[in-house]
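Colleague: I am new to this one, so could you walk me through it? Let's have the sequence and structure in view.

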Amino acid sequence: MAPSSPRPDPVAPNGPTPADPGSSVPALQIDDLHVSVDDREILRGVSLQVEPGSLHALMGPNGSGKSTLANTLLANPAYVVTAGRILLDGEDVTNLPTDERARRGLFLGFQHPEEIPGVSVLNFLRQAIARRKGIDDFSVLEVRLSLIDWTKRLGMDTRFQERYLNEGFSGGEKKRNEVLQMAMMEPDVAVLDETDSGLDIDALRQVAAGIGEVRKARPHLGILAITHYQRLLEHLVPDVVHVLVDGRIVATGGPEISLEVEARGFDAFRAHEEAPV
Ligand SMILES: Nc1ncnc2c1ncn2[C@@H]1O[C@H](COP(=O)(O)OP(=O)(O)O)[C@@H](O)[C@H]1O
Ligand SMILES: [Mg+2]
């Protein structure tokens with residue numbers, strides 16, 4: 001095979017091609033993704049790439065399709081991919097189920113984390129980590145030690161691990177628990193949907209600091225932080241900002257884009273979208 005014309009996409013149709021050492025395969029790559037819910041097209045051709053170690057923010061008004069993208073990445077069956085693809089570390093996972101994506105290093109934090117009565121934080125994490133690592137009898141002790149370590153690093157009460165998942169957690173505790181889960185799962189890509197919603201300024205700062213701690217511990221971790229507001233991004237400076245309006249990315253750039261959103265609102269970007277091409 002002549003190496004003369006480099007292909008932008010390193011994936012062969014029959015499976016993964018190992019990346020060249022030193023080449024930068026995106027941690028997460030989304031190509032021209034179209035997604036329908038109840039036969040209504042919500043995402044209308046979304047493309048973006050999150051490089052290892054980088055923090056991307058996805059901003060957009062309510063109803064623009066941000067959570068649809070998160071749910072699609074999670075492989076929620078209600079969200080049907082009608083065109084395009086999703087790649088993790090260069091491998092096409094578009095047709096893989098949730099747990100297989102998790103095993104390949106994808107972590108998703110949720111806008112409204114579920115309460116799971118009777119399941120402690122410790123047990124939940126033990127099971128999730130066992131699945132991620134493909135080990136059945138994952139050591140409880142190891143998980144417990146790592147959990148104690150991380151709860152301390154994130155400035156959380158170490159008794160937290162005995163509590164039932166999200167039951168009676170405050171908004172701030174739920175979000176910090178999400179960051180704790182992200183730390184413990186050792187993902188390669190994390191998608192955080194509205195991790196800032198409903199937080200007061202102190203909780204917001206703690207969550208942003210927690211995300212910073214996890215990034216320090218996992219320098220190659222790529223993060224896609226989904227947010228309606230600019231305020232999380234004051235504490236967590238993104239490398240790249242994407243603006244999603246009506247199911248399409250209408251702008252991509254540096255942190256200055258989030259300031260433009262703050263100053264001019266999303267309508268200014270809507271005008272871009274409706275401009276003739
Ligand atoms: N599970 C669902 N069932 C029906 N409609 C949905 C569902 N999820 C999303 N939608 C629709 O998709 C559009 C985008 O919603 P969503 O992705 O939640 O936006 P955002 O997170 O940006 O506020 C909305 O019109 C919403 O009603
Ligand atoms: Mg949403």
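Colleague: How does helix 3 pass helix 5: in a left-handed or a right-handed crossing?

Modeller: Keep in mind that this is a predicted model. Helix 3 (residues 121-133) and helix 5 (residues 171-185) pack with their axes 10 Å apart, at an angle of about 35°. Helix 3 makes a crossing with helix 5 that is right-handed.

Colleague: Which residues of helix 5 make the contact?

Modeller: Helix 3 brings V121, L125, A128, I129 and R132 to the contact. By class, the contact of the two helices has six nonpolar, two polar and one charged residues. On the side of helix 5, the residues are N177, Q181, M184 and M185.

Colleague: Turning to the sheet, which strands stand at the edges?

Modeller: Four strands form an open sheet with antiparallel pairing, in the order 2-1-4-5. Each edge strand has a single partner, so one side of it is left without a neighbour in the sheet. The edge strands are strand 2 (40-50) and strand 5 (91-92).

Colleague: And what is the bridge partner of D31 in strand 4?

Modeller: Strand 1 (residues 28-37) pairs with strand 4 (residues 80-88) in the antiparallel sense, over seven bridges. In strand 4, D31 finds its bridge partner in R85.

Colleague: Which helix gives the largest share of the shell around ligand 1?

Modeller: The shell divides into three nonpolar, seven polar and two charged residues, including G63, K66, S67 and T68. The helix in question lies across strand 1, strand 2 and strand 4, at about 70° to strand 2. The largest share, three residues, comes from helix 1 (residues 66-73).

Terms used:
Residues are numbered from 1 along each chain as its sequence is written. Chains are lettered from A and ligands numbered from 1 in the order in which they are written. This is a predicted model: local features need pLDDT of at least 70, side-chain atom pairs count only at pLDDT 80 or more; totals for chains, interfaces and linings use all residues. A residue is near a molecule or strand if its C-beta atom, placed from the backbone, lies within 6 Å of it. Helices (H or I, at least four residues) and strands (E, at least two) are DSSP runs, numbered from the N terminus. Ala, Val, Leu, Ile, Met, Phe, Trp, Tyr, Cys and Pro count as nonpolar, Asp, Glu, Lys and Arg as charged, and the others, Gly among them, as polar. Two strands pair if DSSP finds at least two bridges between them. Two residues are in contact if their C-beta atoms, placed from the backbone, lie within 7 Å. Axes are lines fitted to C-alpha atoms, for helices over the stretch in contact, and angles run from 0 to 180 degrees between N-to-C directions. A crossing is left-handed if the near helix is turned anticlockwise from the far one by less than a right angle, and right-handed if clockwise.
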